[in-house]
Amino acid sequence: MNPISFLTQMIRIAIPYLFAASGGVMAERAGIVSLTLEGFMLSGAFAAVLGTNYSGSPWVGVLTGILGGLIFALIHAVATIRYRADQVVVGVAINLLAIGVTRFFLKLFFASSSNSPRVAGFGGNINAAGFDNPLLWLGLLVAPVMAFVIYRTPFGLRVRAAGEHPDAAESVGVSVKRVRYAAVALSGILAGLGGVYLALDQHQFTDQMTAGRGFIAISAVIFGRWDPIRAALACLLFAAAETLQIQLQGSNAIASQFIEMIPYALTIIALAGVVGRAVPPAALGKVED
Amino acid sequence: MLNFIVLALLNWFIAGHLHVPETLHTPEIHAGVLPRLADIDSRFHGSAANLALIVAALVAVAVWFYLFRSRGGYDLRAAGLQPQAAEYGGISVGRVWMRALTFSGVIAGMGGINYVLGYKHYYEDGFASGAGFLGIAVALVGRNHPFGVLIAAFFFATLSQGGLAIHAFVPKQMMDVLQGVVILAVAMAVPEVRRVLRTARRRVDA
């Protein structure tokens, strides 16, 4: 196994996870459950293909993709913050809605029930192995930037306060609702970008193309104990497992399905507290009247 | 998380060991087949509905009886409403949760009967395709009551079957959108209605 090719493949697999998990950390630190990352990614991916297809420029696709993630994030925010709906149920609804809406528009715009036509993307130089894609570099930067935002800016402090002790934040004049709206919107933008990367990397949208990646990202958030850097490392770890699975294919050393389980099994172990219990933000998922 | 582990494990069983070559399903097995309702009563002619439908309705009644007419059900509801108070009242909350999850696993597992024993007569990889997630939504729309769940389940079934019926005029993908919208609307309406009722009651008291 060539270590360079392993590393490049691992990073390319990790990029969507890095975007989505960073968004997940943001929303969950503000106290809103992020089971919706899958839906945000899917809508971002579709919107990116739509924008790229009609403009011919992947940069327009990036913008429309961000918009796609943002729209679903705002639905999520209004339902959970304004209407105080159950965050897990809304998460299920958003994911179903994203599958439905993308399928519907796929039929409407591209007259297909499975995939869009091929669209432009970034880079494509065969020697660069995907590293001439600006989104890839953005993806590598997003976790450190999020760590800075969460731990070193006033906004980050407010986000953490909203997630740990909303009443205390409210009592010193922080609008918890506004902070949560901003955090969820940001998570939609980031997860949307994860979808954009995925779609433009494959040069097309296919039905349900995110295939559970949003759930892997949320696993990374939990396994990384709601810290952006540790979550990013978890993303890299899960991507490494996936790369291993791809490169071992055909060797029959170990069934690929067991490697597929690694992220989820690790997350359950982390939640069950076998090695240092993962403690979520105190107000995560709580609905206050 | 466990969902994905089970799916991967089943995929390993099916793809690696039990499948009919070139497919992702097991051979047909006729030993445990549930008869279709059409075989029993000709009025159901042309419907794929089978005995699992009746079993499901009976299970809903059984769940209602357990929850609202038995001691175990009383303990369960108490543990759900206010765990500390239930513990104080002498209920072992941990044991109740263990029991509730076991029952829930057994009953949800029966959901597979309809497809495997009643319809296809084989196990196919990924046949459930999100039915479990829809189940959460059905429970919500049915307001967590066994009879409400019956109505909600028929409502969602009508939606997806109706999608096929109107496919000539509207793409059937519209039904996927509609399901999401319905769940979202109910999830948003439930706490809102509760709040409105509470304020109304407070006004009456004052």
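**Exercise 1. How many residues of chain B are in contact with chain A, and how many of chain A with chain B?**

This is a predicted model: local features need pLDDT of at least 70, side-chain atom pairs count only at pLDDT 80 or more, and totals for chains, interfaces and linings use all residues. Residues are numbered from 1 along each chain as its sequence is written, while chains are lettered from A and ligands numbered from 1 in the order in which they are written.

Step 1. Apply the contact criterion: C-beta atoms, placed from the backbone, within 7 Å.
Step 2. Count: 28 residues of chain B touch 30 residues of chain A.
Step 3. Assign elements, using DSSP runs numbered from the N terminus (helices: H or I, at least four residues; strands: E, at least two). Helices H1 (2-18), H7 (131-141) and H9 (173-205) of chain B each give two or more residues to this side.
Step 4. Rank: H9(B) gives the most, with 14 residues.

**Exercise 2. Describe how H9 and H10 of chain A pack.**

Step 1. Take helix H9 (residues 213-223) and helix H10 (residues 228-248) of chain A; the angle is about 130° and the axes are 8 Å apart. Axes are lines fitted to C-alpha atoms over the stretch in contact, and angles run from 0 to 180 degrees between N-to-C directions.
Step 2. List the partners: A:Ile216, A:Ala220, A:Val221 and A:Phe223 in H9(A) meet A:Ala231, A:Ala234, A:Cys235 and A:Phe238 in H10(A).

**Exercise 3. State the confidence of chain B and of the complex.**

Step 1. Chain B averages a pLDDT (the predictor's confidence in each residue, from 0 to 100) of 79, and 82% of the residues score at least 70.
Step 2. Among the elements of chain B, H1(B) has the lowest mean, 68, and helix H3 (residues 51-69) the highest, 88.
Step 3. The complex gets an ipTM of 0.79 and a pTM of 0.84 from the predictor.

How values were computed
Contact = placed C-beta atoms within 7 Å.
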